[in-house]
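Good morning, and thank you for the time. I shall present one structure today, beginning with its parts and ending with a single residue.

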Amino acid sequence: MSDTSVLEGEAHSMHLVDYRDAASLKQVPTRNGFGEGLIEAGTRNANVIAICADLAESTRMEGFKKAHPSQYFEIGVAEQMLVAMAGGLAAAGKIPWIASYAMFNPGRSWEQVRTIMALNETNVKIAGAHAGVSVGPDGATHQAIEDIAIMRVIPHMMVVVPCDSVQTKKATLALSEKFGPAYLRFARDKSAIVTTDQTPFEIGKAQTFRDGGDVAIVACGILVYNALIAADELAREDGIECRVINNHTIKPMDAPAILTAARECGAVVTVEEHQKHAGMGSRVAEILVQEHPVPMEFIGVDDTFGQSGDPVELIEFYGMGTKSIKEAARRAYARKPR
Amino acid sequence: MASLSPQRLRELREQANLVRQGIIRSLLSAGSGHSAGSLDMADIFTALYGHILHHDPKHPEMPDRDRLLLSCGHIAPVRYSAMAYAGYFPVDELLTLRKFGTRLQGHPERTRMAALETTSGPLGEGLAQGTGMALAAKADQQSWRVYVVTSDAEHQCGLHWEAVMTAAKFKLDNLMCIIDRNFIQIDGSTEDVMPLEPLAGKYRSFNWNVAECDGNDIGAFIETVERAKTVTGKPTVIIANTVPGKGISYMEGDYTWHGKPPNKEQADAALRELEAEREKILAHV
């Protein structure tokens, strides 16, 4: 058993908080970071506008509405309209952020997203709120766990799933300044802040949050924290050193970083709050199977729907807790050729 | 805008005739495509490009141009033909319709030709995008207008009515929806497949300004548009009553021509009929 600290190697340059000290961790929903980033984006550029489908408070567009009332439009419960009208505004030079729950946008509006945002290459940004089973008590109808799949399959689309609220703010600002259709996915429930203002963020650039050479855990969204905790526990319990990669950009994915991790670690576990089918992990597999296949395990929802419950309870039940991640890493490690 | 002189009206009628000939030629060349709606909208597209729109074929992305959106993208042949005869591109290019590598895709794609303004084909989406554009023009205090050509049958799409509601909310009097009211769709009469009437009443109840006209009468259409442009505080819909397949006697009123092109023999007959009509127009009959 060796002691690999987050203060060593590439992970050192990430300026993370000491996530091992649970008591000191701030717990903030990623949606809050979106709200803060959006206000700042609207201040930096008056062409940044926001349109909401009757969910201003819960998608955190409320602050933008107050800060920039002339840049904010309400259209009611009309998600197809949300996309199509934003396409028109973008065609006239605006940078529209459109918000609803991910289940309804892009869930309900997918064809408009494909035709008007992607095929037509418009500068519309989707804020997909309440993604994942961690939506909790609202139940399966409101828990988007197929959205990464339906968005990453669309040409031209950027798909970003930040790991905490600080990073969500940075992603909101970065996407506001990068031309092209984009999908930003975030969650409802509080989650640990692991990054700091100093942590770098670049769309399309995966980040090594923990160094290690035995197994690479490639995670996105709020489960990056679970991956970090699982990695530390595995090091203590089994002496297996996991590299943890925050793979926040699912499209365009940082293929060189994924391949390097696979070559250096020899086994990969992907972790996402999404169906195992066709999500972030599937994209990792598509990359690896063509150039450097290694034993792989997938953490995610296994071809089923969510249900009502407490967010943490649901994450555990659907096999995305630290225990499940550790088991998957052990399996991947055991499958490595000796 | 000044009213039309008899001379100018005749020129536009001849232009519409040529646009119809372009539609027939391009559909024959393509071997597939939508005849009836394309033909019945030839007069309106000619009026738009020839008189109503503020535009410049040499500068298709001129910032203060009026925006013309074709929501029902399947009648692209009429837009392409009207654009060619308006000077956007060579008329011969119409023969590339639907062929590999063409700018004239089966359904319009803006990224291949900026003057198309949107990418369309999936129905019910044009007015929504036009609403966004008109809202942007208002927000930026721009004087350009947005015209959206829609089919009657796409009024069966829910999204279209989301746009109708939204445009009224924002009082978009710089937005005009033109309905190709030809009463046909792929499976038959609109009133059998899914009744739209009372269509004017629906729009009135959504707080729109409603006008109706003969969509195959260029003069009447232009007059209706000019009158509607003076209405403030409301978007306008023009229900343009058209005859599907207009100008080609064997197609007129027959819904089976919605989605198919003429064969060589049928195209020749259509072109002969159009040429005879053109001679009548030129002879001031």
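A word on domains is needed at the outset: their bounds come from an automatic or database domain assignment. Please also keep in mind that this is a predicted model.

With that in place, chain A is divided into domain 1, which covers 10-25 + 199-334, and domain 2, which covers 27-192. The C-alpha centres of domain 1 and domain 2 of chain A lie 24 Å apart. Across the boundary between them, 33 residues of domain 1 of chain A are in contact with 32 residues of domain 2 of chain A. Several elements of chain A each supply at least two residues of the side of domain 1 that touches domain 2: helix H8 (223-238), strand S12 (249-251), strand S13 (268-275), helix H10 (280-291) and helix H11 (311-317). By class, this side of domain 1 of chain A has 17 nonpolar, 12 polar and four charged residues.

Let us turn to the interior. The largest nonpolar core has 198 residues, and those with the most contacts inside it include A:Val215, A:Ala227 and B:Ile238. Which helix gives the most to this core? It is helix H4 of chain A, residues 79-91, with nine residues. The core also draws at least three residues from each of domain 1 and domain 2 of chain A.

Helix H4 of chain A merits a closer look. At 1.5 Å a residue, its 13 residues should span 18 Å, and its end C-alpha atoms are 19 Å apart, which agrees. Is this helix mostly covered or mostly open? H4(A) is mostly covered, for 13 of its 13 residues are buried. Just after H4(A), A:Gly93 takes a positive phi of about 100°.

The same element, H4(A), leads us to the second chain. Here 21 residues of chain A are in contact with 21 residues of chain B. H4 and helix H5 (110-119) of chain A each supply at least two residues of the side of chain A that touches chain B. H4(A) gives the most to that side, with nine residues. The residues of this side of chain A divide into 11 nonpolar, seven polar and three charged.

I return now to helix H8 of chain A. H8(A) has 16 residues and reaches 21 Å from its first C-alpha to its last, close to the 22 Å expected. Its buried residues include A:Leu223, A:Val224, A:Ala227 and A:Leu234. Against which elements do the buried residues of H8(A) pack? Among them are strand S10 (215-219), strand S11 (242-246) and helix H12 (322-334) of chain A. Leaving aside neighbours within four places in sequence, A:Ala227 is in contact with A:Ile217, A:Ala219, A:Val244, A:Val271 and A:Ile325. H8(A) is followed by A:Gly239, whose phi is positive, near 75°.

My last residue belongs to chain B. B:Ala137 lies in helix H5 of that chain, residues 126-139. Why is B:Ala137 classed as buried? The cut-off is 20 or more other C-beta atoms within 10 Å, and B:Ala137 is buried because it has 23. Not counting residues up to four places away in sequence, B:Ala137 touches A:Ala92, B:Gln142, B:Trp144 and B:Asn174.

I close with confidence. The mean pLDDT of chain B is 97, and 99% of its residues reach 70 or more. The model scores ipTM 0.92 and pTM 0.95.

Note on methods:
Residues numbered from 1 in each chain as written. Chains lettered and ligands numbered in written order. Predicted model: local features only at pLDDT ≥ 70, side-chain atom pairs only at ≥ 80, totals over all residues. Core = buried A, V, L, I, M, F, W, Y, C linked by C-beta atoms within 7 Å. Buried ≥ 20, exposed ≤ 12 C-beta atoms within 10 Å, placed from the backbone. Helix = DSSP H or I, 4+ residues; strand = E, 2+ residues; numbered from the N terminus. Contact = placed C-beta atoms within 7 Å. Nonpolar A, V, L, I, M, F, W, Y, C, P; charged D, E, K, R; others polar. Expected span 1.5 Å × (residues − 1). pLDDT = per-residue confidence, 0-100.
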